[in-house]
Amino acid sequence: MERWHAIYVKSRCEKKTAFFLAAHGLQHYLPTVMKQRRWKGRKREVEVPLFPGYVFLRRDFEADCAYDSRVEILRMPGVVKIVGAGSPLEPVLHVPDQEIFNIKTVLERKMKVDPYRYSVAVGQTVRITKGPLAGVEGVVVERRGVYRLILHVKLIMQAVAVEIHPGDIET
């Protein structure tokens, strides 16, 4: 059964690794956002990875040829390790489909996202029922009257925050 897995890559090699995964016909996902950077006094918009150091790969690592499949991935340029992969006999940890769906939905809707320092949130887990994020699940936090939905990718211990309207929430 194919599942999403996190691939840890060398610093600044996310796009190169994604290119090689695509060249091998492997389904992958590299979430990116546009950020403003300054070079020599000029501002430019550049596309940067949302989760620096990680690329997501959809693969079946539990099949008969799983070991060969892992080795194939590990030999690609820029790949450091498959997150959650122990010995060849142990199953590889995966990223739940809902977490990838949440990130894809937010980025497809061109919502403004901010990196969020991962912590065990004290908020309540909710599902968005209306608006452009309908179907997305996350943890709601409120700060200075602004409600944000925290979207965790627990396997890599990273998260992003997106502003939401409190009327769109289902508890």
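Let's start at Glu47, which is found in strand β4 (residues 42–49). Helices and strands here are DSSP runs, numbered from the N terminus, with at least four residues (H or I) for a helix and at least two (E) for a strand. This is a predicted model, where local features need pLDDT of at least 70, side-chain atom pairs count only at pLDDT 80 or more, and totals for chains, interfaces and linings use all residues. Residues are numbered from 1 along each chain as its sequence is written, and side-chain values use heavy atoms, with hydrogens and water left out.

## Glu47 and its surroundings

With a relative accessible area of 41%, Glu47 is partly exposed. On this scale buried means under 20% relative accessible area, exposed means over 50%, and partly exposed is in between (1.4 Å probe, protein chains only). If you skip residues up to four places away in sequence, Glu47 touches Lys15, Thr32, Val33 and Met34. A contact here means heavy atoms within 4.5 Å. For a longer view, Glu47 and Thr125 are 78 residues apart in sequence, and their C-alpha atoms are 30 Å apart in space.

One of those partners, Thr32, lies in strand β3. Thr32 counts as partly exposed, at 21% relative accessibility. Its C-alpha is separated by 4.2 Å from that of Pro49, although the two are 17 residues apart along the chain. Leaving aside neighbours within four places in sequence, Thr32 is in contact with Glu47, Val48, Pro49, Leu50 and Leu107.

Follow that list to Leu50 and you reach the loop between β4 and β5. Leu50 counts as buried, at 9% relative accessibility. Again not counting residues up to four places away, Leu50 touches Pro31, Thr32, Val33, Ile103, Leu107, Val113 and Val160. Leu50 and Val113 are 63 residues apart along the chain, with 8.9 Å between their C-alpha atoms. Leu107 turns up in the contacts of Thr32 and in those of Leu50.

## Rings and a charge

The structure holds three aromatic pairs. Rings of Phe, Tyr and Trp (its six-membered ring) pair if their centres lie within 6.5 Å; planes under 30 degrees apart count as stacked, over 60 as edge-to-face and the rest as tilted. Tyr8 and Tyr54 make a tilted pair, because their ring centres are 5.3 Å apart and their planes meet at 55°. This pair links distant parts of the chain: Tyr8 is in strand β1 (residues 3–9) and Tyr54 in strand β5 (residues 54–59), 46 residues apart. Tyr8 is partly exposed at 34% relative accessible area, whereas Tyr54 is buried at 13%.

Phe51 and Phe56 form an edge-to-face pair, 6.2 Å centre to centre with 90° between the planes. Phe51 counts as buried at 1% relative accessibility, and Phe56 counts as buried at 1% too.

There's also a charge to look at: the charged end of Lys104 sits over the ring of Tyr29, 5.0 Å from its centre. To qualify, NZ of Lys or CZ of Arg must be within 6 Å of the ring centre and within 35 degrees of the ring normal.

## Two lysines with positive phi

Here are two residues that have a positive phi although they are not glycines.

| Residue | Phi | Place | Relative accessible area |
|---|---|---|---|
| Lys40 | about 50° | loop between β3 (32–39) and β4 | 86%, exposed |
| Lys110 | about 55° | loop between α3 (97–108) and β7 (113–116) | 73%, exposed |

## The protein as a whole

Stepping back, the protein has three helices and twelve strands. Its C-alpha trace spans about 50 × 45 × 25 Å along the principal axes. Of its 171 residues, 39% count as buried. Among contacts between residues at least 6 apart in sequence, 61% join residues at least 24 apart.

The protein exposes about 10500 Å², and carbon and sulfur atoms supply 51% of that. Those areas come from the Shrake-Rupley method with a 1.4 Å probe; for residues, only the protein chains shown count as cover.

As for charge, the mean positions of the 28 positive and 19 negative charges are 11 Å apart. Lys and Arg count as positive and Asp and Glu as negative, while His and the chain ends are not counted. Each charge is placed at NZ of Lys, CZ of Arg, CG of Asp or CD of Glu.
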